[in-house]
Amino acid sequence: MVVPVEPTFTDAELHQRLVYGDESALGEVYAAYGGLVRRVAVRVTRSPAAAEDVAQEVFAQLWSRPYAFDARRGTLRTWLSMLAHRRAVDWVRAEARHRKDARADDAALHAIPDAAPGPDETVVDRERSLLLHTALAELPQPQREVVHLAYFAGRTYRQAAVELGIPEGTAKTRLRAALRRLAETLADPPDPALERGA
């Protein structure tokens, strides 16, 4: 059990030393009242970690603004307790706002429609993919090679020409012809009912 250190100074003396920037005065105050400040903060926040943060803020404020304490209006013990209580309440309110914002963010995320395709879209995508593969398979081999390199292997038509060992103009012509043919095939796909003779 930590026994609090009894202060060996009057509040007025301490105040004067703090105003003049006497660091040892802050050390004496912390030794005397640090435990009290943390206990007040723990009662409000119910968090030892938060209480430590509150205590740091309280003593930082005392050090940076010692003139905020007025020894004629009350004791330093009372003033530090009140300041700790206020800071702890602020912490609790900030945490509540943070939790509320987090819940709102979660609710907003759940409200966003699922980006995954639905069953209908999956069927349509599958049909498109099948049509594309069928159309690619019907291309002449030289055109199919250029399309594969340009669109599936990420090459430019110049790189495709080098890999295939053909002139750039030839690669460009094959690619254009292949794309024209694919566009025609995919723009007007055959009706399965007509193919079955229905």
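Start your tour by selecting α2 and α3: α2 passes α3 in a right-handed crossing. In this predicted model, α2 covers residues 23-45 and α3 covers residues 48-64. Turn the view until both helices are clear of their surroundings. Their axes come within 8 Å and cross at roughly 140°. Angles over 145 degrees would count as roughly antiparallel, so α2 and α3, at their angle, are oblique to each other.

Next, follow the chain onward from α3 and select R72. This residue sits in the loop between α3 and α4, the latter spanning 76-111. Is R72 buried or exposed? R72 has a relative accessible area of 77%, and the cut-off for exposed is over 50%, so R72 counts as exposed. Keep R72 selected and add A12. The two residues are 60 apart along the chain, yet their C-alpha atoms are separated by 8.2 Å.

Now move to helix α6, residues 141-152, and pick out Y151 there. With a relative accessible area of 51%, Y151 is exposed. Add F152 and L179 to the selection: together with Y151 they form a nonpolar patch on the surface. The accessible area of these three residues together is about 320 Å².

Finally, zoom out and colour by secondary structure. How many helices and strands are there in the protein chain? You should find 9 helices and 0 strands, so the run of elements from the N terminus reads α-α-α-α-α-α-α-α-α. If you then colour by burial, 24% of the 198 residues of the protein chain count as buried.

Conventions:
Residues are numbered from 1 along each chain as its sequence is written. This is a predicted model: local features need pLDDT of at least 70, side-chain atom pairs count only at pLDDT 80 or more; totals for chains, interfaces and linings use all residues. Side-chain values use heavy atoms; hydrogens and water are left out. Patches are made of residues with over 30% relative accessible area and no salt bridge: like charges are joined within 9 Å, nonpolar side chains (Val, Leu, Ile, Met, Phe, Trp, Tyr) within 5 Å. Accessible areas come from the Shrake-Rupley method with a 1.4 Å probe; for residues, only the protein chains shown count as cover. A salt bridge is a side-chain nitrogen of Lys or Arg within 4 Å of a carboxyl oxygen of Asp or Glu. Helices (H or I, at least four residues) and strands (E, at least two) are DSSP runs, numbered from the N terminus. Buried means under 20% relative accessible area, exposed over 50%, partly exposed in between (1.4 Å probe, protein chains only). Axes are lines fitted to C-alpha atoms, for helices over the stretch in contact, and angles run from 0 to 180 degrees between N-to-C directions. Angles under 35 degrees count as roughly parallel, over 145 as roughly antiparallel, 65 to 115 as roughly perpendicular and the rest as oblique. A crossing is left-handed if the near helix is turned anticlockwise from the far one by less than a right angle, and right-handed if clockwise.
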